[in-house]
Every structure is written in C-alpha cells, then in structure tokens.
Amino acid sequence: MEWMDQDSLRCCAPVCKAWNQASVRVLYRDIAITNRAAFDSLADFARKDARAAERLAQTASLRVGGTEWGVPVHAVPLVFGRSMTRLQRLVFYSCLHPAMHPSFFQVLTAFRAVVTLELFRFKLRCFSELRRIICAFPRLRSLKVGVGTAEQVTPPVVWPPTQIRLVQLVLGWGLAPSLAIPLIRWLADSLACAHLTHLAIGRSPFNMSLHVNKFLATAGENIRFIHEMDIDTDGPCNLHEYYGPQN
C-alpha cells in the first residue's frame, strides 16, 4: 500500500479492518487536491466526519492544483490549515493566479509546521505577493520555485528581514526576472541563505547565474552542492520532484 495511488487506497479501505487501518494511514499522509471535486470531497469530510481531525493530523504532504483551474486555492489554508497540524511539505502547482482573495495570504500561517514549499506554474500580481507566501512559513528550510511570472515589476526596495533560514533552494527554469531578481536580492540581503547547503539554478535568458553569486558570497563554505539545470534535462515538468523529500 505504500506504493498505491489514492484511488487504489480508497478501494482497499472497505475490504477488512486490517486493510482499512493500513490504507487510511497512507491515504491521508500524502494528499493531492487536483480539481474542484477533490476539494469539495475533502472539505465535506473535514466538516462532517468525526474521524477527520485525527486523520488529517497525519498529513505530511499536500499538493494543490493540477491540469484544471477549478481548485479554490484561496480557501485551502482556511479550510485545512488548523487540521493539518503536521504538514511539512506544501506544493502549489498551476493554481496561483492574480486577484487572489486577501484571506489566502493572511491564513497561510495556519500551516505552521511547513518546512518545504514548492511553487510551480504560477502567476502573481507582483513580487510582494510571492514574498508574503514565503514569509508565511518561518520554519521553511527548502524552497523550490519555477515557471512563475508577475504582472508588475517591483522597483528596488529594502525589504524587512526574515526568520527563514534555508538549507535548500531551487530556482527553476521559467522564473521571470520580475520575480527572480527581487527574490534573489531579498533572500541574500536578509541572510535567509546564510546556511544554504544545496543550490540549483535553471538556465534562463537573463543569465540568473550572475545574480546567484550573491548567495555564494552569503553562504560561503556552507554550500556543498551546486547544480545548473538545463531545460532539456530538468525542465519545468519534473522540476517539482528535484532533490526529492528532505529529512
């Protein structure tokens, strides 16, 4: 059952008591909300089922988004934030877009245990929104960002310091300069990457590598692994799996 997908695990659950216990333990450990139907089903379970609090507290990984644009992503932290008390890995894939409801940014902090954040195929209004998302997780140790754009270009400003201390950073292919450049400057200037050990950079038209030298100057001898990704081998489709889960 450790290798089954969620649909197969649901089929196993009603077979017998032993199968139910084994499948439920895996079923709620890694949750994917890929469409509106999946969100509604899980929200109904969280609201109506007495077993929901115990089972959602086991969730360690949550992936939101997929090929459809029907997931109400702004409501995800509001509905599940307090229940998923042990959530460590949070992925937003192809679901973040401009004009997000302000409550989304305000209640992201409900996922207090998150240490790994992955953002892919997204579009935001400006860099400030990206920064608010990242700052919602003060325990963050691993950040992976790729294929993202912003509607507005953020002028150079001095951002407040952050408590975040990253050990792993992946800046993937397709990250627009309007997001990548202020992100690099903010992370380097705020010492968020002072303890960085793993760094991966996607090749891009504006040569992100030159800007990433700020990380090398900040982290110094702490960095043990540097990798420059190429779109042909480490493209945006599999970037969210790069490095794998961290201990």
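This passage describes the overall fold, the nonpolar core, two backbone outliers and one pocket of a predicted model.

The protein chain contains nine helices and eight strands. Its radius of gyration is 19 Å, close to the 18 Å that the globule rule gives for 247 residues, so the chain is as compact as a globular protein of that length. The C-alpha trace spans about 60 × 35 × 35 Å along its principal axes. Of the 247 residues, 49% count as buried. Contacts between distant parts of the sequence dominate. Among contacts with a separation of 6 or more, 82% join residues that lie 24 or more positions apart.

The largest nonpolar core holds 68 residues. Within this core, Phe92 and Leu96 touch the most other members. Helix H8, which runs over residues 177–189, gives the most to the core, with seven residues. The surroundings of Leu96 can be listed in full once residues up to four places away in sequence are set aside. Leu96 then touches Val73, Phe104, Leu119, Phe122, Lys123, Leu124 and Ile133. Of these partners, Leu119, Phe122, Lys123 and Leu124 fall within the range of strand S4, residues 116–124. Phe104 falls within the range of helix H6, residues 102–107.

Most residues other than glycine have a negative phi. Two residues of the model depart from this pattern: Ser94, with a positive phi of about 55°, and Arg121, with a positive phi of about 50°. Neither Ser94 nor Arg121 is a glycine. Their settings are as follows. Ser94 is found in the loop between strand S3 (89–93) and helix H6 (102–107). Arg121 is found in strand S4. Ser94 has a relative accessible area of 12% and is therefore buried, the cut-off being under 20%. Arg121 has 30% relative accessibility, so this residue counts as partly exposed.

The second largest pocket has a volume of about 300 Å³. Its lining consists of 16 residues. Pro156, Val157, Trp159, Pro182 and Arg185 lie nearest the centre of the pocket. By residue class, the lining divides into eleven nonpolar, three polar and two charged residues. Pro182 and Arg185 also fall within the range of helix H8, residues 177–189. Helix H8 thus takes part in the lining of this pocket and is the element that gives the most to the largest nonpolar core.

How values were computed. Residues are numbered from 1 along each chain as its sequence is written. This is a predicted model: local features need pLDDT of at least 70, side-chain atom pairs count only at pLDDT 80 or more; totals for chains, interfaces and linings use all residues. Side-chain values use heavy atoms; hydrogens and water are left out. A nonpolar core is a set of buried Ala, Val, Leu, Ile, Met, Phe, Trp, Tyr and Cys residues joined through side-chain atoms within 4.5 Å. Buried means under 20% relative accessible area, exposed over 50%, partly exposed in between (1.4 Å probe, protein chains only). Helices (H or I, at least four residues) and strands (E, at least two) are DSSP runs, numbered from the N terminus. Contact means heavy atoms within 4.5 Å. On a 1 Å grid over the protein atoms alone, a cavity is a set of points where a 1.4 Å probe fits but cannot get out, and a pocket is an open set with protein on both sides within 12 Å along at least five of seven lines; lining residues have an atom within 4 Å of a point. Grid points are joined across faces, edges and corners, and a volume is the space filled by probe spheres set on the points. Ala, Val, Leu, Ile, Met, Phe, Trp, Tyr, Cys and Pro count as nonpolar, Asp, Glu, Lys and Arg as charged, and the others, Gly among them, as polar. The radius of gyration is taken over C-alpha atoms; the globule rule is 2.2 Å times the number of residues to the power 0.38.
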